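Reader: I would like to go through this model with you and ask, for each descriptive term, what it rests on. Could we begin with the ligand and then turn to the helices and the loops?

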Amino acid sequence: MTDHRAYLEAKRTVDDRALNRRVLERFEAILAARSAPVRIVELGAGVGAMIARLAAWDRLPADVVYRAVDRDQVSIERARERVPEWLRANGYEVDRLGTGSDDEGEHSARTTFVAHSGERRLEITLEVADAFAIEDTADAVIAAAFLDIVSLEEAIPDLEELLVPDGVLYAPITFDGGTTFAPRDPIDDRLEREYHRHMDDVRPGGGSRVGRRLLTQLPGAGWDVLEAGGSDWIVRPRDGRYPAEERVFLEHLLETIDDALAALPEPALDSADRQRWLERRRGELEGSELVFVAHNLDVLARRC
Ligand SMILES: C[S@@+](CC[C@H](N)C(=O)[O-])C[C@H]1O[C@@H](n2cnc3c(N)ncnc32)[C@H](O)[C@@H]1O
């Protein structure tokens, strides 16, 4: 079994390539126009890769208060180790701030760091919490690879509650109905349909086409979609090896697909076909031949 947090760390370089730069530039410009300190809340932040990325890419304004929440305690513990390391590697000085009874060491619900680089100040709180049980008044909410695993109908009113009246939602890497592998296998199309059926009918919340649903449901709920663009994941070997930790990303993904198919009622594929497919894909991964493409959308929207 691959570890979910190792998967999230391995996903970082895949997302780095995939993120739609046009959508990100608009988000950056909107943040830059807000008065300091700019308050950002990230939901389902995982191991904190987005904080590190935005800081490393200089996409944040000079004075930011960033609250990152995830309900998975182990992910937040990992973020507490990795985020300061990633920031220091990018020239930030990082100090841990005591937050009284909230900050009681390794397993505390909430830890705050302050990171400085030149004139930049970034205050980061990493917190174990349910995204839909927190209160805040943020200039921006970030939900990366998150809205496709929760109920959109329930999430949209909660997002409105978290934002100032003209605040923005940045929802990058929202899955949008494409899971493909190369070289092709005769059961790939059926397998993709079955995997997406699991997201739509079995998994609680989310779905296989949330990216495009955001483009209609947000305006339907009175939001203005400011930008949207593709952010497809493309993972392929280069010079006989996968970049960074991307082999771990693919191992985890194959496992996730197989688990999803095994949980389907009335499966369209029999278990021998599934097993053959999995062994073939693991063999191709081992031989650094497997190519994976998934379709995602990045969406930037303003409450209005
Ligand atoms: C696919 S991961 C994405 C993590 C991170 N945003 C990234 O892109 O690397 C989804 C994350 O959402 C978290 N999550 C799911 N439901 C949640 C909820 N109701 N409240 C807080 N976090 C939640 C999971 O624990 C997981 O870390």
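Author: A nitrogen atom of the ligand lies 2.8 Å from a polar backbone atom of Ala 131. The model is a predicted one, in which local features need pLDDT of at least 70 and side-chain atom pairs count only at pLDDT 80 or more, while totals for chains, interfaces and linings use all residues. Residues are numbered from 1 along each chain as its sequence is written, and side-chain values use heavy atoms, with hydrogens and water left out.

Reader: What makes the approach of Ala 131 to a nitrogen atom of the ligand a polar contact?

Author: A polar contact is a pair of N or O atoms within 3.5 Å (within protein, one must be able to donate a hydrogen and the other to accept it, and residues adjacent in sequence count only if both atoms are side-chain atoms). The distance at Ala 131 is 2.8 Å, and therefore the pair satisfies the limit of 3.5 Å.

Reader: Which distances do the side chains of Asp 70 and Asp 130 show to the ligand?

Author: For Asp 70, a polar side-chain atom is 2.6 Å from an oxygen atom of the ligand, whereas for Asp 130 a polar side-chain atom is 3.3 Å from a nitrogen atom of the ligand. Asp 70 is also listed, with Lys 11, Gly 44, Ala 131 and Ala 144, as coming nearest of the 17 residues around the ligand, where being near requires a heavy atom within 4 Å.

Reader: Why are α5 and α7 called oblique to each other?

Author: Helix α5 (residues 152-162) and helix α7 (residues 210-220) have axes that come within 12 Å and cross at roughly 55°; the axes are lines fitted to C-alpha atoms over the stretch in contact, and angles run from 0 to 180 degrees between N-to-C directions. Angles under 35 degrees count as roughly parallel, over 145 as roughly antiparallel, 65 to 115 as roughly perpendicular and the rest as oblique, so α5 and α7 are oblique to each other. Their contact (heavy atoms within 4.5 Å) involves Leu 152, Glu 153 and Ile 156 of α5 with Val 210, Arg 213, Leu 214, Gln 217 and Leu 218 of α7.

Reader: What makes α8 roughly antiparallel to α9?

Author: The axes of helix α8 (residues 246-262) and helix α9 (residues 271-286) come within 11 Å and cross at roughly 180°. That angle makes α8 roughly antiparallel to α9. The residues in this contact include Leu 250 and Leu 254 of α8, and Trp 277 and Leu 278 of α9.

Reader: How is α1 placed against α3?

Author: Helix α1 (residues 4-18) and α3 have axes that come within 11 Å and cross at roughly 45°, and α1 is therefore oblique to α3. Arg 12, Asp 15 and Asp 16 of α1 meet Ala 49, Ala 52 and Arg 53 of α3.

Reader: Where are the cis peptide bonds that precede Pro 37 and Pro 183?

Author: Ala 36 and Pro 37 are joined by a cis peptide bond with omega about -10°, and Pro 37 sits in the loop between α2 (21-32) and β1 (38-43). The bond from Ala 182 to Pro 183 is cis with omega near -5°, and Pro 183 belongs to the loop between β7 (163-182) and α6 (188-202). The helices (H or I, at least four residues) and strands (E, at least two) are DSSP runs, numbered from the N terminus.
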